[in-house]
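Hi everyone, thanks for having me. Today I'd like to walk you through the cysteines of one protein, so let's put it up on the screen.

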Amino acid sequence: MMFFLSKIILYIAFFVFTVIFSNNVFAFKKEIEEMSKKITASQNITYAYISKYSNSIVTSCVVKSDGSLSECKNTGNSFNNPSGIDFDYFNNLYVTNNNYTIVFCPASYNGQLPLCANAGGGEFSIPNGIVFNKGYALIANAVSSSVSVCKQNENGMLCSCVRSGSCLVNPTDIKIYKEPIYISEVSEIGTLNNCISSGTGFNNPIGIKIYKS
């Protein structure tokens, strides 16, 4: 009799454990699914990041299908009259500061920049434009009329910087198209047609970069 009751109690205990475990697994799976939906939905959103020199902030905006900007929010920190702005291969945003520093911020899926830090790199001379190419950062120095070429290590820091380039006069921006490097000084680069104003809260914006999460 006792053996029979023991088996019944054991079966009941096993049944209760199975129900509780199944419910927990179901709840966990549900939570993962909801999180996945949220992240997946955000992966189709394109963000524009605008450096605002006068306000010392960076603004993140959603780029709508018609090209207009909406849901603009200030994000990130450690900016000081920011100007140049670019992404590396790992979706880290780098921003040049007027105080001779460069800040890097990993971009989150919702367009925010929660963790910004000094990228190091040595001595810059009012860095303006910045662009990444094959593991190197190229920074246009406005005051010294030069370009700093910096290696990027596995932590996102800039190191082993050397100044390069010649015949430059106060360069303000730098871009790479395929292999040639283009550096803007005071020159006209093409014409834009059908322009309209979009977005809000900008004050003397200088840099802009597009990022699709």
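Let me begin with a question for you: are Cys 105 and Cys 116 buried or exposed? Have a look at the picture for a moment. Both Cys 105 and Cys 116 turn out to be buried. Please keep in mind that this is a predicted model.

These two residues are also bonded to each other: a disulfide joins Cys 105 to Cys 116, with an S to S distance of 2.1 Å. Cys 105 sits in strand E6, residues 102-106, while Cys 116 is in the loop between E6 and strand E7, so the bond ties together parts that are 11 residues apart in sequence. The link of Cys 105 and Cys 116 is right-handed, with 115° about the S-S bond.

Now, how many disulfides does a search of the whole structure find? The answer is 3. Let's visit the other bonds in turn.

Going back along the chain, Cys 61 is joined to Cys 72, S to S 2.2 Å. This pair links distant parts of the chain, with Cys 61 in strand E2 (residues 57-63) and Cys 72 in strand E3 (residues 69-75), 11 residues apart. The torsion about the S-S bond of Cys 61 and Cys 72 is about 115°, so this disulfide is right-handed. Cys 61 has 0% relative accessibility and counts as buried, whereas Cys 72, at 25%, counts as partly exposed.

Further along, Cys 150 and Cys 161 form a disulfide, and their sulfur atoms are 2.1 Å apart. Cys 150 belongs to strand E10 (residues 146-152) and Cys 161 to strand E11 (residues 158-164), so the bond ties together parts that are 11 residues apart in sequence. Here, too, the torsion is about 115°, so the disulfide of Cys 150 and Cys 161 is right-handed. Cys 150 is buried, with a relative accessible area of 0%, and Cys 161 is partly exposed, at 26%.

If you number the bonded cysteines in sequence order, the pairing reads 1-2, 3-4, 5-6.

One more cysteine deserves a stop. Why does Cys 159 not bond with Cys 161? The closest cysteine sulfur to that of Cys 159 is in Cys 161, but it is 7.1 Å away, which is too far for a bond. For a disulfide, the sulfur atoms have to be within 2.5 Å. As for its surroundings, Cys 159 counts as partly exposed, at 26% relative accessibility.

That's my tour, and I'm happy to take questions!

Note on methods
Residues numbered from 1 in each chain as written. Predicted model: local features only at pLDDT ≥ 70, side-chain atom pairs only at ≥ 80, totals over all residues. Heavy atoms only, no water. Helix = DSSP H or I, 4+ residues; strand = E, 2+ residues; numbered from the N terminus. Buried < 20%, exposed > 50% of the residue type's maximum accessible area, 1.4 Å probe, protein only.
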